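Got your viewer open and a selection box ready? Here is a walk through the model, one stop at a time.

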Amino acid sequence: MYALAIIRYRKPLDQVLRVVDAHRAYLATLKEKGILLASGPLDPRNGGALLLRLPDDAIDETLLTVRDNDPFVQENVAQYELLPWAPVIGKESLDQIK
């Protein structure tokens, strides 16, 4: 299973930028674990998006863990919208991403 996580900033960008290094370091750990496939800021820069791969037997638990351990959430500078996603077209290509 896959998911999209939409991140919306709750604070001005200058406050968000104070946490961005910790946020990106956290995302790097998710990438190493194979949970995060891609991420980046939105344009205009009012948030960001994550493409996640989730274990089929722990979808909700994994999504909540991803959100709750993000420094953006812990420092209250952003909020998540978590959208489980079952791609049909292109799923084979996603499944090949390491």
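A nonpolar core, as the term is used on this tour, is a set of buried Ala, Val, Leu, Ile, Met, Phe, Trp, Tyr and Cys residues joined through side-chain atoms within 4.5 Å. Keep in mind as you click around that this is a predicted model.

**Stop 1: the core**

Start by selecting Leu-30, Leu-50, Leu-52, Val-66 and Phe-72. In the largest nonpolar core, which has 22 residues, these five touch the most other members. Now color the elements that give two or more residues to this core: β1, α2 (20–32), β3, α3 (59–68) and β4 (78–85).

Stay with Phe-72 for a moment. Which residues is Phe-72 in contact with, leaving aside its neighbours within four places in sequence? Show Ile-7, Tyr-9, Val-16, Val-19, Val-20, His-23, Val-77 and Ala-78, and you have them.

**Stop 2: strand β1 and its partners**

Next, select residues 2–9, which form strand β1. Is this strand mostly covered or mostly open? Mostly covered: 6 of the 8 residues in β1 are buried.

β1 has pairings to look at with β3 and with β4. With β3, the pairing is antiparallel and spans 7 bridges; to find a spot along it, pick Ile-6 and look across to Ala-49 in β3. With β4, the strands also run antiparallel, joined by 8 bridges. Pick Ile-7 here, and the residue opposite is Tyr-80 in β4.

**Stop 3: the β2–β3 hairpin**

Select residues 36–41 for strand β2 and 47–53 for strand β3. The two pair in the antiparallel sense, with 5 bridges between them. For a marker on this pairing, use Pro-41, which stands opposite Gly-48 in β3. A hairpin of 5 residues takes the chain from β2 to β3.

Zoom in on that connection and click Pro-44, which sits in the loop between β2 and β3. Look at the peptide bond leading into Pro-44 from Asp-43: it is cis, with omega near 10°.

**Stop 4: another backbone detail**

Jump to Asn-76, in the loop between α4 (71–74) and β4. What is the phi of Asn-76? It is positive, about 60°, although Asn-76 is not a glycine. With a relative accessible area of 35%, Asn-76 is partly exposed.

**Stop 5: the salt bridges**

How many salt bridges does the structure hold? There are 3, and you can visit each in turn.

- Select Asp-14 and Arg-18. Their closest N and O atoms are 3.7 Å apart in a salt bridge. Asp-14 is partly exposed, at 46% relative accessible area, while Arg-18 is exposed, at 64%.
- Select Arg-67 and Asp-68. This salt bridge brings N and O atoms to 2.7 Å at the closest. Asp-68 counts as partly exposed at 37% relative accessibility.
- Select Lys-91 and Asp-95. Their side chains meet in a salt bridge, 2.7 Å from N to O. Both belong to helix α5 (residues 91–96), and because they are 4 residues apart there, about one helical turn separates them. Asp-95 is partly exposed, with a relative accessible area of 38%, and Lys-91 is partly exposed as well, at 32%.

**Stop 6: a second look at Arg-67**

Go back to Arg-67, this time to see its wider surroundings. Arg-67 is found in helix α3. Is Arg-67 buried, partly exposed or exposed? Its relative accessibility is 27%, so Arg-67 counts as partly exposed.

Now show Val-73, Tyr-80 and Leu-82: these are in contact with Arg-67 once neighbours within four places in sequence are left aside. You have met Tyr-80 before, opposite Ile-7. For a distance to try in the viewer, draw a line from Arg-67 to Tyr-9: they are 58 residues apart in sequence and 13 Å apart in space, C-alpha to C-alpha.

**Stop 7: a nonpolar patch on the surface**

Finish on the outside. Switch on the surface and select Leu-4, Leu-83 and Trp-85, which make a nonpolar surface patch of about 220 Å². Leu-4 takes you back to strand β1. With a relative accessible area of 31%, Leu-4 is partly exposed. The cut-off for joining such a patch is over 30% relative accessible area, so Leu-4 passes it.

Key
Residues numbered from 1 in each chain as written. Predicted model: local features only at pLDDT ≥ 70, side-chain atom pairs only at ≥ 80, totals over all residues. Heavy atoms only, no water. Pairing = 2+ DSSP bridges. Patch = residues over 30% accessible without salt bridge, like charges linked within 9 Å, V, L, I, M, F, W, Y side chains within 5 Å. Areas by Shrake-Rupley, 256 points an atom, 1.4 Å probe, with all protein chains shown as cover. Salt bridge = Lys/Arg side-chain N within 4 Å of Asp/Glu carboxyl O. Buried < 20%, exposed > 50% of the residue type's maximum accessible area, 1.4 Å probe, protein only. Contact = heavy atoms within 4.5 Å.
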